[in-house]
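Thanks for coming. I will walk through one model today, going from single residues to helices and then to ring pairs. Please have the sequence and the structure open.

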Amino acid sequence: MADTLEFNEIYQEVKGSMNDGRLRLSRQGVIFKNSKTGKVDNIQASELAEGVWRRVALGHGLKLLTKNGHVYKYDGFRESEFDKLSDFFKAHYCLELAEKDLCVKGWNWGTVRFGGQLLSFDIGEQPVFEIPLSNVSQCTTGKNEVTLEFHQNDDAEVSLMEVRFYVPPTQEDGVDPVEAFAQNVLSKADVIQATGDAICIFRELQCLTPRGRYDIRIYPTFLHLHGKTFDYKIPYTTVLRLFLLPHKDQRQMFFVISLDPPIKQGQTRYHFLILLFSKDEDISLTLNMNEEEVEKRFEGRLTKNMSGSLYEMVSRVMKALVNRKITVPGNFQGHSGAQCITCSYKASSGLLYPLERGFIYVHKPPVHIRFDEISFVNFARGTTTTRSFDFEIETKQGTQYTFSSIEREEYGKLFDFVNAKKLNIKNRGLKEGMKQSYDEYADSDEDQHDAYLERMKEEGKIREENANDSSDGSGEETDESFNPGEEDDDVAEEFDSNASASSSSGDGDSDRDDKKPAKKAKIVKERKPRKKQPESKKGKDPNAPKRPMSAYMLWLNASREKIKSDHPGISITDLSKKAGELWKAMSKEKKEEWDRKAEDARRDYEKAMKEYSKADSHRGERSKKKKKKQEKQVKGKGDKKGATSKSSSSKSPAKGMSDSFKSKEFVSSDESSSAESKKEDSEDEGAASPPASSEDSASGSD
């Protein structure tokens, strides 16, 4: 017979809800792991008292009773598995797996029996239903009546809120059957009553969820949060995990308490209790117990008088009372040296902590994701900027978490961490604005060569070189255009007396008309440098030398056809993965050969870039000289036309005004247009001379 039995998709009944998970039976005992919370129930073989097999709604179920009165129910078995389980119980636990059927008569009159933490309502020898008394939140009595109220279950679609029992009066003197019934229920019920004094009290602690400042009273079986508006009582049995996390500023600490079931306030559920401490806060603590009781209860984990940092005292007390380990960040260190990564989740900024067995995000909303529930992770380029990326996690249940706005410098550290933990890395397709090169690393699920990271490094080097080369030219231009003093001078020159006279001569004299063009011109002046800047970045000269390739890209271009021939029908993504594997497995000597080729290509590029820059500067000087020459020609024409318009202004002022005002739109820089303009000027002068002579004769006669 096998030493272990394993069952998948088994459901454990806990407080009215069915939690799915995996059940394992071994020689040592029974282990059930909850798929949702990761909580593990371990029942030692020596503690088992009884095993019952019965038919339930989800097929067949197994009920286990322990010697200390605890009851565990597991459903989802098939009828054919009874023989296998029965033989296993006989061989390893020395127990007979009994078959008991439920009574389905539908009667509501029977006998109540209390056994351990279970209330069983029986008709004859068959049970009708059973109530775990740990589900009872309140028990009230009336005349011949007992009412049981139950904890509300958020996961169940329909919850049982209360059950009423009618207890008939008896003839026995001195014994009230109603009170006896209620006492049996309350002795095992999960009713929190603050009896006695608190072990210790922490005053005015800052709590992030639920938000506010609370006094925390520590009782032997539960935690009491007392605030100005709300009070919460948290049984230690509902505490799932404890986390102690350093803040990124290294001056504060988070203490996180994971709860299942969560605490409730109206419709709000708090699955995490997050406390924020300053590292500088110290406290001296005295427990409200004598030294013998402290030693007997906590076995050296706590002492009657303690002192130290506030966060250390709170975490130490909680660890001793809850009897759970405190999880702290592992070996991960981000780009800045912190043990966390700044990111955003659901439009709120927070901190993501990579732990040894999962991820936790604080604080709004808090999220804890275990590695064993992760299906895959994905690195995606940010949609708004290339300086950040998104980190996506999808669980086996199909839930997706996206942590966005992570700095690009954190990519290498996070990628190495995910690879070391052997999590699946999977690309879910290209997003808008994402380059194909990003696909090379997002689809890899093992420790492969990261082509995307190599390319990013090469592009960064080239951008730095280009920035240094162009710092003498475009850099100065940009600085000048954003100089506030010079900008004001340019605007003032544009609207001096001459400019305003020429521009406003054909318009009205109102102040409103004068102000409008001034406002428009100022906006245009301020926007000019901003328009030029992206053009200088985006615009590429086809004659400019091409950037050199890295050693890996040179080798890939030379080996691509060989890889295709060795693997017919291989896709582009698989080819990139295969190339990464081959490059990583390549010997150091062969890589050095390609490094030399890449170095030669870089030198050739630098040489060609210098020649191109020199030729570009010569072209710029020639274009400047040509522009100055054209401006002189335009100025000379303007002087001639001004003289002509003055001589003819007394006779025909309208015609002279139209001739003297010529915008630059009508003056071309070509030689043919300049020749035509000269011809037009001579014709205009010939046409204007007869009126001038007639005017002189008229003045002479006068």
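Strands here are DSSP runs of at least two residues, labelled E and numbered from the N terminus. Keep in mind throughout that this is a predicted model.

With that, take leucine 275, which sits in strand E21, residues 268–278. Is leucine 275 buried or exposed? Its relative accessible area is 2%, and the cut-off for buried is under 20%, so leucine 275 is buried. Leaving out residues up to four places away in sequence, leucine 275 touches Leu205, Gln206, Cys207, Ile216, Met253, Phe254, Phe255 and Val314. There is also a C-alpha distance to note: leucine 275 and leucine 208 are 67 residues apart along the chain, with 6.0 Å between their C-alpha atoms.

Now the whole protein, briefly. The secondary structure comes to 16 helices and 31 strands. Of the 702 residues, 35% are buried. Among contacts with a separation of 6 or more, 48% are between residues 24 or more positions apart.

Next, histidine 224, in strand E17, residues 222–226. Histidine 224 counts as buried because its relative accessibility is 11%. Which side chain makes a polar contact with the side chain of histidine 224? That of aspartate 231, at 3.4 Å. Aspartate 231 also appears in the list of residues that histidine 224 touches, along with Asp215, Ile216, Arg217, Tyr219, Tyr232 and Lys233, again not counting residues up to four places away in sequence. Ile216 is one of the residues touched by leucine 275 as well. From C-alpha to C-alpha, histidine 224 is 9.5 Å from isoleucine 201, and the two are 23 residues apart in sequence.

A third strand residue is threonine 395, in E30, residues 388–395. Threonine 395 has 4% relative accessibility and therefore counts as buried. Beyond the residues up to four places away in sequence, threonine 395 touches Ile369, Glu373, Ile374, Ser375 and Tyr401.

On to helices. Helix H2 covers residues 177–188, which is 12 residues. From first C-alpha to last, H2 reaches 17 Å, close to the 16 Å expected at 1.5 Å a residue. Which residues of H2 are buried? They are Val178, Phe181, Ala182 and Val185. Looking down the axis of H2, these buried residues fall within an arc of 95 degrees, so they line one face of the helix. What they pack against is a set of strands: E9 (111–115), E10 (118–123), E12 (136–142), E13 (145–150) and E14 (162–166). At the start of H2, aspartate 176 places a side-chain oxygen within 3.2 Å of the backbone nitrogen of valine 178.

Helix H13, residues 572–585, has 14 residues. Its reach from first C-alpha to last is 20 Å, close to the 20 Å expected at 1.5 Å a residue. The buried residues of H13 are Leu575, Ser576, Lys577, Ala579, Gly580 and Trp583.

Now the aromatic rings. How many aromatic pairs does a search of the whole structure find? It finds 30. One of them is phenylalanine 89 with tyrosine 93, an edge-to-face pair at 5.2 Å centre to centre, with 90 degrees between the planes. Both residues lie in helix H1, residues 82–93, and they are 4 residues apart, about one turn of the helix. Both phenylalanine 89 and tyrosine 93 are buried.

Another pair brings us back to H2: phenylalanine 165 and phenylalanine 181 have ring centres 5.4 Å apart and planes at 45 degrees, so this pair is tilted. Phenylalanine 165 is in strand E14 and phenylalanine 181 in helix H2, so the pair ties together parts that are 16 residues apart in sequence. Phenylalanine 165 and phenylalanine 181 are both buried.

There is also one aromatic cluster formed by Phe332, Phe359, Phe371, Phe379, Phe389, Phe391, Tyr411, Phe415 and Phe417.

Last, the cysteines. A disulfide is a covalent bond between the sulfur atoms of two cysteines. How many disulfides does the structure hold? The count is 0. Cysteine 103 counts as buried because its relative accessibility is 8%. For cysteine 139 the value is 9%, so cysteine 139 counts as buried too.

That is the end of my walk-through.

Technical notes. Residues numbered from 1 in each chain as written. Predicted model: local features only at pLDDT ≥ 70, side-chain atom pairs only at ≥ 80, totals over all residues. Heavy atoms only, no water. Buried < 20%, exposed > 50% of the residue type's maximum accessible area, 1.4 Å probe, protein only. Contact = heavy atoms within 4.5 Å. Polar contact = N/O pair within 3.5 Å; in protein donor to acceptor, adjacent residues only side chain to side chain. Expected span 1.5 Å × (residues − 1). Arc of directions from axis to C-beta. Disulfide = S-S within 2.5 Å. Phe/Tyr/Trp six-rings, centres within 6.5 Å; stacked < 30°, edge-to-face > 60°.
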